[in-house]
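Here are my notes after a look through this one. I stuck to empty space and aromatic contacts, so have the viewer open as you read.

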Amino acid sequence: MSSSEERRSLLTTGGPGRAPNRAMLRAVGFHDEDFSRPMIGVASLFSDITPCNAHLDRLARKAIEGVRTGGGVPQIFGAPTASDGIMMGHQGMRYSLVSREVIADSLEVVSGGMNHDGLIALGGCDKNMPGCVMAMARLNIPSIFVYGGSILPGIGDEGETLDIVSIFEAVGQFQAGKLDAQGVHKIECESCPGAGSCGGMYTANTMSSAIEAMGMSLPYDASLPAVSSAKERETFQAGQMLVNLIQKNIRPRDIITRKSLENAYTLVLALGGSTNAVLHLMAIAREAHVEWTLADFDRLGDKVPHLADLKPGGKYVMFDLHRVGGTPTVLRALLDHGMLHGDCPTVTGKTLAENLQDVKSIYSRPQDVVLPFEKPMYPTGHIVVLHGNLAQEGAVAKVAGLKQRQLTGPAKVFNSEEECFAAIQAKKIHPGDIVVVRGEGPVGGPGMREMLAVTAALVGQGLGDQVGLVTDGRFSGGTHGLVVGHVAPEAWVGGTIALLKDGDKITIDADNKRLDAHLSEGDWEKRRKDWKHPAPRVDRGVLAKYARTVRSASEGAVTG
């Protein structure tokens, strides 16, 4: 920024007319000289609701120190978070995707209202990352995102690695009689050993990795463990770096471009990340005024291999990737193979290639967390966009680690996640079935719930590779199996998924990118005439507002 007169914060603090504003700021610690410095918002999504965010107050203090040392004036404020893992499997999950919009709105309200010169945000649980970056793109003031970091792995009785999905799947094993109550309790007690976000390549680690590749966080941000001095040092440096960004006037929309979004999704594909990346990257792109559609995900998926042997489709967790070099070493390998745009600017003030100049490739040392390009987990992307008469606007399938990528079978149709889970408990799902869970889309849910409890129960019962699952809801990053989500149009607005009946033959074909029901045009027409639009499930409050304003999952389920 070339002169102090260009600082946004002077709209709040500059000149005689703003003396009342300055008076209030003096009451919270401002001094005369502070009014000549950049005023920086420090958004902390700390809460003790979830281990993902329980340590963010400590990190926020490091960010404040960094801002002060860099020459800025920090203003800390809170923003809400919701715990996907704790809300999973019940009505609370309706608030998960909604929280992304609430987080974005909250940061926009505070930093926009205060005319902050810059923004640093610290988040941990799944929707924190996209919500914060969406706000940064809206505000378009110099910004840095800091991920709270991944949880350390738990250790089972046999020395195996445990995480949150381990206990979800243990519930299914208990239902199937493969594990007793004492065994479930042991896994429950060891799955989450402390602070940090869920350990596999689930949504939190997926989105933090994407944001690092996009250039909106510092190198190593995604892979540094939550409980580490390195994460504290990084957060301090981010505070310092933000002041530098303000001086150079480097803004989010300078960084978030079609090229950097390609970099972000390329890393998601290479690491075997969550299908939620599709929703969140589209939402970020929209806030940054960048054109990005399902076709862009499909285009990249055709050429980027799935390399990392990370949970849920593999055996390792993010701590293992940290142990063998971290996210920058994977980015360096992808850059060396011509799969990244090295000229993209980042929050360091350097390009992605310059950030990686002194980083060695993941393949420079012996390790088996990230497989070689010539022997990948799968030669193309593990996230596939499907179309067909059940998904005219598109659907998203996750095929990581699957031996069977095609399945035709009879539909078992359920109108809510609870109905489906009860049927699984009663062992009414059999090999070859196509389980359909509808009425869980962005409007219908409302809120587009994740189905981890359902998919984990199927895996726990040994059905993960033997049945298909189709829903207008979505899946946790911890989900694996032949699952298709984000079906659009959704049932609640009259999508064809609303017209299905038990026994209808359905084909999921990930290889040919198709999702179809074997029904004639006459069948569809007759059922369409008989279909009646359901009444809203919620008529007031935040869920009702969301249902009235949300767009299709094929557009990222954004509001407004």
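1. Let's start with the runner-up among the pockets: the second largest has a volume of about 210 Å³. Keep in mind that this is a predicted model. Its lining counts 13 residues, with Asp 163, Val 165, Ser 166, Glu 169 and Lys 311 nearest the centre. Helix α7 gives the largest share of that lining, 5 residues. By class, the lining of this second largest pocket splits into 5 nonpolar, 4 polar and 4 charged residues.

2. Now the largest pocket, at about 420 Å³. Here 29 residues make up the lining, and Asp 84, Gly 85, Ile 86, Ile 164 and Phe 168 sit nearest the centre. Which elements supply at least two residues each to this lining? They are α4 (84–87), α7 (164–175) and α19 (452–460). In terms of class, the lining of the largest pocket has 15 nonpolar, 10 polar and 4 charged residues. Note that α7 turns up in the linings of both the largest pocket and the second largest one.

3. On to enclosed space. How many cavities of 30 Å³ or more does a search of the whole structure find? The count is 3, and the largest of them has a volume of about 70 Å³. Its lining includes Glu 212, Gly 215, Ser 217, Leu 218 and Pro 219, and further along the chain Pro 328, Leu 331, Thr 346, Thr 348, Leu 352, Asn 355 and Leu 356. Two elements, α16 (327–336) and α17 (352–355), give two or more residues to that lining. The lining of the largest cavity comprises 6 nonpolar residues, 5 polar ones and 1 charged.

4. Aromatics next: the whole structure has 4 aromatic pairs. Take Tyr 265 and Phe 297: their ring centres are 4.7 Å apart and the planes stand at 80 degrees, so this pair counts as edge-to-face. The two partners come from distant parts of the chain, 32 residues apart, with Tyr 265 in α12 (258–271) and Phe 297 in α14 (294–301). Are these two residues buried or exposed? Both Tyr 265 and Phe 297 are buried.

5. Phe 297 has another partner, Trp 292, again edge-to-face, at 5.8 Å between centres and 85 degrees between planes. Trp 292 is buried, as is Phe 297. Put together, Tyr 265, Trp 292 and Phe 297 form one aromatic cluster, and Phe 297 pairs with Tyr 265 as well as with Trp 292.

How values were computed
Residues numbered from 1 in each chain as written. Predicted model: local features only at pLDDT ≥ 70, side-chain atom pairs only at ≥ 80, totals over all residues. Heavy atoms only, no water. 1 Å grid on protein atoms, 1.4 Å probe; cavity = no way out; pocket = protein on both sides within 12 Å on 5 of 7 lines; lining within 4 Å. Points joined across faces, edges and corners; volume = space filled by probe spheres on them. Helix = DSSP H or I, 4+ residues; strand = E, 2+ residues; numbered from the N terminus. Nonpolar A, V, L, I, M, F, W, Y, C, P; charged D, E, K, R; others polar. Phe/Tyr/Trp six-rings, centres within 6.5 Å; stacked < 30°, edge-to-face > 60°. Buried < 20%, exposed > 50% of the residue type's maximum accessible area, 1.4 Å probe, protein only.
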